[in-house]
Each structure stands twice: as C-alpha cells, then as structure tokens.
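Please look through the sequence and the model below before reading on. The paragraphs that follow go from a patch on the surface to single residues, and then to the protein as a whole.

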Amino acid sequence: MSTIDTIRRSGGAESHAARSQNSGLLHTASALIGWFGNAMTKRRTRMHLSELSNDLLNDVGIEPAEARREIKRFFWD
C-alpha cells in the first residue's frame, strides 16, 4: 500500500472533523479581518473629517460640534 492510499483510508471522520474545525477558524478569521477593516475605515473617515474647515462642514450639512463629537469617538465605536 502506498502512502497516498494510507492517507485516503485514514481520511474518514477525523478528516471531516478537522475540515469542520478549520472552516470555523477561517470564518472567525474572516470576520475579524472584516471588523478590523471596517474599524480602520471609520478611523480614516474621522481623520478626514477632522481636516475640514467649519465652512466646508456647513456646506455638507454637518455642524462643527457634531463633527467634533464624531472625531473623538474610538475607532471601534
């Protein structure tokens, strides 16, 4: 029996369980990466907001006080 045949024969339930566990880990990692990307987008957007003058804020319909509150929020918020 070759090594490949041995691997194929032993690949039953253990292999399925390992794939299931790996799939769960991949889903968790994907969710974490998505959350982190979203948090960084919020951070970057708030940084850009902090660079706008009061006149520009008024042009887009945002009160300066509202912009300051938004800028002070944490990146995960």
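To speak of a patch here, we take residues with over 30% relative accessible area and no salt bridge, and nonpolar side chains such as those of Leu, Phe and Trp are joined when they lie within 5 Å. The structure you see is a predicted model, and on its surface Leu32, Trp35, Phe36, Phe74 and Trp76 form a nonpolar patch of this kind, with about 600 Å² of accessible area together.

One member of this patch is tryptophan 35, whose place in the chain is in helix H2, the helix that covers residues 13–50. Is tryptophan 35 buried, exposed or partly exposed? Buried means under 20% relative accessible area and exposed means over 50%, so tryptophan 35, at 42% relative accessibility, counts as partly exposed.

Helix H2 also holds arginine 44, and the reasoning for this residue runs along similar steps: its relative accessible area is 45%, and therefore arginine 44 is partly exposed. Arginine 44 and phenylalanine 75 are 31 residues apart along the chain, while their C-alpha atoms are separated by 8.9 Å.

If we now turn to the whole protein, we find four helices and zero strands, which, read along the sequence, give the pattern α-α-α-α. Of its 77 residues, 8% count as buried. The protein exposes about 6,500 Å², and 58% of this area is supplied by carbon and sulfur atoms.

Technical notes: Residues are numbered from 1 along each chain as its sequence is written. This is a predicted model: local features need pLDDT of at least 70, side-chain atom pairs count only at pLDDT 80 or more; totals for chains, interfaces and linings use all residues. Side-chain values use heavy atoms; hydrogens and water are left out. Patches are made of residues with over 30% relative accessible area and no salt bridge: like charges are joined within 9 Å, nonpolar side chains (Val, Leu, Ile, Met, Phe, Trp, Tyr) within 5 Å. Accessible areas come from the Shrake-Rupley method with a 1.4 Å probe; for residues, only the protein chains shown count as cover. A salt bridge is a side-chain nitrogen of Lys or Arg within 4 Å of a carboxyl oxygen of Asp or Glu. Helices (H or I, at least four residues) and strands (E, at least two) are DSSP runs, numbered from the N terminus. Buried means under 20% relative accessible area, exposed over 50%, partly exposed in between (1.4 Å probe, protein chains only).
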